Amino acid sequence: MKKTVLTLAFLLCASFVMAQKGTLWLGGSFDYESGNQNLGNGSIKIQDMAFYPHLEYYIADTWSLYAGLGVDYTRQSELNNYRGTNFGPFIGAIKYFTVTDRFSFYMELGLSGVWGQAKDDQTKYSISDYWIDLSPGINYRLTDRIALWTSFGLVGYQAKTIKDRNSDQKSTFNNFSTNLFSQGISLGIEFRLR
């Protein structure tokens, strides 16, 4: 009986060791989206590419903090040839729920702000966009120095302002959104630095 209890206690403690406190990881994701959006009187083709490099630091074995700088490029070819580029910082915290020494689920709380420029055939725009979101994900350590991750869905709040630089007219959007599995899937890779 003692052996069984000690074995279970050891396995339980070992399952919470995903990464060691004090480790630093360099990671990022590259996201690509292409599709058509129906508008009733036709459709537009949308292409979006984004790159989000980040540094992640473990403050405890199952808690980490991260910070990064992202860039996003969007093009909508049938809508007055709209195209835009945004960039900005993001920060967050992640709580890992370890299943094995290599596999874990996680919950991420993130905060981001992006600023950018966009234009179409007639107008130039300035864009500012702020997000706070909570999203689940999965992390798998291929080795002690390489990990793959994916996040899917989110619950979040967005505040976005688009300013027409020709007329100084502003449009402001405040959105609360929930998305589970339908969009917002990201894939990434991380490398342990120390």
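1. A good place to start is Y52, which at 27% relative accessibility counts as partly exposed. Please keep in mind while reading that this is a predicted model. Y52 pairs with F90 in an edge-to-face arrangement, with 6.0 Å from centre to centre and 80° between the planes. The partner ring, F90, is buried, at a relative accessible area of 14%. Y52 belongs to strand β2 (residues 43-60) and F90 to strand β4 (residues 82-98), so this pair ties together parts that are 38 residues apart in sequence.

2. The Y52 and F90 rings also have company: together with Y66 they form one aromatic cluster. How many aromatic pairs does the structure hold? The count is 7. If you want to compare them yourself, a pair of aromatic rings is described by the distance of the centres and the angle of the planes.

3. Another pair to look at comes from Y82 and Y125. Y82 is buried, with a relative accessible area of 19%, and Y125 is buried with a relative accessible area of 19%. Their ring centres are 6.3 Å apart and their planes stand at 50°, so the pair is tilted. Here too distant parts of the chain are linked, since Y82 sits in strand β4 and Y125 in strand β6, 43 residues apart.

4. Two charged side chains lie over aromatic faces, and you may like to inspect both. R141 is placed over the face of W25, at 4.1 Å from the ring centre. K95 lies over the face of F97, and its distance from the ring centre is 5.4 Å.

5. Which residues make up the largest nonpolar core? There are 9 residues in all: W25, Y58, Y66, F90, I94, Y96, Y106, A147 and W149. Two elements, β4 and β7 (146-151), give two or more residues to this core. Of the contributing elements, β4 gives the most, with 3 residues. As general background, in soluble globular proteins nonpolar side chains tend to be buried together.

6. A147 deserves a closer look as a member of that core. Setting aside neighbours within four places in sequence, A147 is in contact with W25, N139, Y140, R141, L142, G188, I189 and E190. Among these contacts are W25 and R141, the two residues of the charge-over-ring arrangement in point 4.

7. F103 lies in strand β5 and is partly exposed, with a relative accessible area of 24%. The C-alpha atoms of F103 and L148 are separated by 9.9 Å, while the two residues are 45 residues apart along the chain.

8. Turning to the loops, is T123 buried or exposed? T123 is buried, and its relative accessible area is 12%. T123 is found in the loop between β5 (103-119) and β6 (124-141). Not counting residues up to four places away in sequence, T123 touches A118, D164 and N166.

9. Finally, please check the backbone at D168, where phi is positive, at about 60°, although this residue is not a glycine. Most residues other than glycine have a negative phi. D168 is placed in the loop between β8 (154-164) and β9 (170-179). In contrast to T123, which is buried, D168 is exposed, with a relative accessible area of 52%.

Methods. Residues are numbered from 1 along each chain as its sequence is written. This is a predicted model: local features need pLDDT of at least 70, side-chain atom pairs count only at pLDDT 80 or more; totals for chains, interfaces and linings use all residues. Side-chain values use heavy atoms; hydrogens and water are left out. Helices (H or I, at least four residues) and strands (E, at least two) are DSSP runs, numbered from the N terminus. Buried means under 20% relative accessible area, exposed over 50%, partly exposed in between (1.4 Å probe, protein chains only). Contact means heavy atoms within 4.5 Å. Rings of Phe, Tyr and Trp (its six-membered ring) pair if their centres lie within 6.5 Å; planes under 30 degrees apart count as stacked, over 60 as edge-to-face and the rest as tilted. A charge sits over a ring if NZ of Lys or CZ of Arg is within 6 Å of the ring centre and within 35 degrees of the ring normal. A nonpolar core is a set of buried Ala, Val, Leu, Ile, Met, Phe, Trp, Tyr and Cys residues joined through side-chain atoms within 4.5 Å.
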